[in-house]
Amino acid sequence: MDECRFQEPLFTFGVIADVQYADIDDGYNYTRTRKRYYRSSLQLLKNALDAWRGARVPPLFVLQLGDLIDGFNKAHGASERALDAALRGFDSFPAPVHHVWGNHEFYNFSRSALLRSRLNSRQHADSSPGSAPARPDIYAYRFTPVPGFTFVVLDAYDVSLLGREESSEEYRGAMELIRRYNQNQDLNCPPDVKQRFTMFNGGFSQEQLDWLDAVLTSADEKQERVTIVSHLPAHPDSTDAVCLAWNCEELLAVIGSHKSVVCYMAGHAHDGGYHRDEDTGVHHLTLDGVIETSPYSDAFGIVSVYADRMELKGSGRVMDQLFLFS
Ligand SMILES: Nc1ncnc2c1ncn2[C@@H]1O[C@H](COP(=O)(O)OP(=O)(O)O)[C@@H](O)[C@H]1O
């Protein structure tokens, strides 16, 4: 009988990725292999919010893993309207929402506009020094919802052609980097080798990686469990090669040099993925995207956190997953 008793988690949190809402008819991905349900994605977001609200242990916070509204909104002059519609549900939600930025955020808004927008959830960062990189244009921060558990939001488009002014030093540096691997006229077209070097991806600057390294050093010392979230997946076995962050190898090297990291969560690749890195024990989760989920299904999860593990309870196409701490 005892085994059947519900074990109370320390806390729970909600996860959702790639809502890509737009008030337009259904369409397809670039290769026309997957249907995209632009309008009904808003209902699937509402389903997630309702389920989290009614959960036995309601989430302490939600992680929105990026691409909340689709790039098509820009062409229709509907970016603000779509963002309002997508954020409306979150407004009345009784817990903080941590927004990650994806490529579709940059199709709709400039980096400076995003920093001023409600998609900037940096107000939920820890108030202690070092909770964000010194450079304010890098959208990354650390938060500690419960002592012993730290979460890090990373900016996967810090080094990118997206969101950076064409006249800027950052844009020039990103162009130099992508051109080293991608000689296609259309930079959204992946090269044959290192396919991730496309314009719809990006990477992490040295400043951001150094800051992450310092956050993780401190977490190691305090014996904390760290979960890192970003829009772009980092581990090649957790996703399609086209969807990885440009300098995923450098990021993995930083993660691998700290024992505090237990999980890395991303969106971007709508078919999802999971891999446990055998060398580091880190769980790499790519969450299935709402946008390519039928209106008759769902794509979100709630993660229950315990002293020795996290348990993802998926809804609809999101599979359950156990993240044991090593
Ligand atoms: N293989 C490709 N060749 C050229 N352009 C592409 C290719 N794949 C995607 N794109 C373009 O890149 C942009 C981002 O692709 P998209 O599939 O919309 O990304 P996401 O999966 O984030 O929604 C779109 O403008 C799309 O048309």
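When I give an angle between two helices today, the axes are lines fitted to C-alpha atoms over the stretch in contact, and the angle runs from 0 to 180 degrees between N-to-C directions. Please also keep in mind that what you have in front of you is a predicted model.

With that in hand, let me start with helix 1, residues 41–53, and helix 3, residues 79–91, which pack at an angle of about 10 degrees with their axes 10 Å apart. Since angles under 35 degrees count as roughly parallel, helix 1 and helix 3 are therefore roughly parallel to each other. On the helix 1 side the contact is made by L42, L45, K46 and L49, while helix 3 contributes A85, A86 and G89. Taken by character, the residues of this contact divide into five nonpolar, one polar and one charged.

Let me turn now to helix 8, which covers residues 248–256 and in which C248, L251, L252 and I255 are buried. Those residues cover an arc of only 100 degrees around the axis, which means that they sit on the same side of helix 8. Among the elements that cover the buried residues of helix 8 are helix 7, at 206–221, and strand 9, at 261–266. The face turned away from that buried side, by contrast, carries the exposed residues E249 and A253.

Finally, a word on annotation: an unreviewed UniProt entry places the feature "domain: Calcineurin-like phosphoesterase" at residues 12–270. In the model, the span of residues 12–270 is 31% helix and 15% strand, and its end C-alpha atoms lie 24 Å apart.

Technical notes. Residues are numbered from 1 along each chain as its sequence is written. This is a predicted model: local features need pLDDT of at least 70, side-chain atom pairs count only at pLDDT 80 or more; totals for chains, interfaces and linings use all residues. A residue is buried if 20 or more other C-beta atoms lie within 10 Å of its own, exposed if 12 or fewer, and partly exposed in between; C-beta atoms are placed from the backbone. Helices (H or I, at least four residues) and strands (E, at least two) are DSSP runs, numbered from the N terminus. The arc is that of the directions from the helix axis to the C-beta atoms. Two residues are in contact if their C-beta atoms, placed from the backbone, lie within 7 Å. UniProt positions are given in the numbering used here, feature names are shortened, and annotations may be inferred rather than shown by experiment. Angles under 35 degrees count as roughly parallel, over 145 as roughly antiparallel, 65 to 115 as roughly perpendicular and the rest as oblique. Ala, Val, Leu, Ile, Met, Phe, Trp, Tyr, Cys and Pro count as nonpolar, Asp, Glu, Lys and Arg as charged, and the others, Gly among them, as polar.
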